[in-house]
Amino acid sequence: MKSYQTPNAPIPAGHYAQAVSHAGLLFVSGQLPIHPDNPSWKAADIREQTRRVLLNLEAILQEAGCTRSSVVKVTVYVSDIDLWSAVNEEYAAFFGDHRPARAIVPVRDLHHGYQIELEAVAAL
């Protein structure tokens, strides 16, 4: 197992890695819409939060030598299922024609009051 960490995504505040690889797969830990250069920055709306988590994901993928098209599975947690339409539009714009497997999980509360968290699995 190999761990990955980049300063271009939020540095973990707990006992976990941004991502780990094993058996040809990269497992990316849940990403909140935290800006790596300004952790106190708060996104104004769900679209901006979604773009930020996707940029954090991309930075970690790049650190491991992967691209967006390497992603095989994504789990998206949203604090309100009514936000899903906006999240899906930003998600589709990010991935384009690539369509990884996906699960959407509505949750009550996310850490620090964020509205979205995303984790992913990619092929190395």
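**Entry 1: charges over rings**

I take a charge to sit over a ring if NZ of Lys or CZ of Arg is within 6 Å of the ring centre and within 35 degrees of the ring normal. With that rule I looked up Lys42, and I found its charged end over the ring of Tyr114, 4.0 Å from the centre. I also noted Arg102, which lies over the face of Tyr91 at 4.7 Å from the ring centre.

I record here that the model is predicted, that local features need pLDDT of at least 70 and side-chain atom pairs pLDDT 80 or more, while totals for chains, interfaces and linings use all residues. I number residues from 1 along each chain as its sequence is written, and side-chain values use heavy atoms, with hydrogens and water left out.

**Entry 2: the aromatic rings**

I next looked up ring pairs (rings of Phe, Tyr and Trp, the last by its six-membered ring, with centres within 6.5 Å; planes under 30 degrees apart are stacked, over 60 edge-to-face, the rest tilted). The structure holds 2 aromatic pairs. In one of them, Tyr91 and Phe95 are tilted, at 4.8 Å centre to centre and 50° between the planes. These two residues are separated by about one helical turn, because they stand 4 residues apart in helix H2 (residues 84–95). I read helices (H or I, at least four residues) and strands (E, at least two) as DSSP runs, numbered from the N terminus.

How are the rings of Phe94 and Phe95 placed? Their planes are at 90° and their centres 4.9 Å apart, so I entered the pair as edge-to-face. Ring pairs thus link Tyr91, Phe94 and Phe95 into a cluster.

I then checked burial (buried is under 20% relative accessible area, exposed over 50%, partly exposed in between, with a 1.4 Å probe and protein chains only). Phe94 is buried at 9%, and Phe95 is buried at 6%.

**Entry 3: salt bridges**

I counted as a salt bridge any side-chain nitrogen of Lys or Arg within 4 Å of a carboxyl oxygen of Asp or Glu. The structure holds 5 salt bridges. One of them joins Glu89 and Arg47 (2.5 Å, N to O). Glu89 is in helix H2 and Arg47 in helix H1, so this pair ties together parts 42 residues apart in sequence. Glu89 is partly exposed at 43%, and Arg47 is partly exposed at 29%.

Glu58 and Arg68 form another, at 2.7 Å, N to O. I placed Glu58 in H1 and Arg68 in the loop between H1 and S4, so the bridge ties together parts 10 residues apart in sequence. Is Glu58 buried or exposed? Glu58 counts as buried, at 18% relative accessibility.

Asp109 and Arg108 meet at 3.3 Å, N to O. Asp109 is exposed at 57%, and Arg108 is exposed at 72%. I also noted that salt bridges with shared partners join Arg47, Arg51, Glu89 and Glu90 into one network.

**Entry 4: two loop residues**

I looked up Pro33, in the loop between strand S3 (25–31) and H1. Pro33 is buried, at 0% relative accessibility. Its C-alpha lies 7.2 Å from that of Tyr114, although the two are 81 residues apart in sequence. Leaving aside neighbours within four places in sequence, its contacts (heavy atoms within 4.5 Å) include Trp41, Arg52, Tyr114 and Ile116.

I found Ser70 in the loop between helix H1 (46–63) and strand S4 (71–78). Ser70 is buried at 16%. Not counting residues up to four places away in sequence, Ser70 touches Val121, Ala122 and Ala123.
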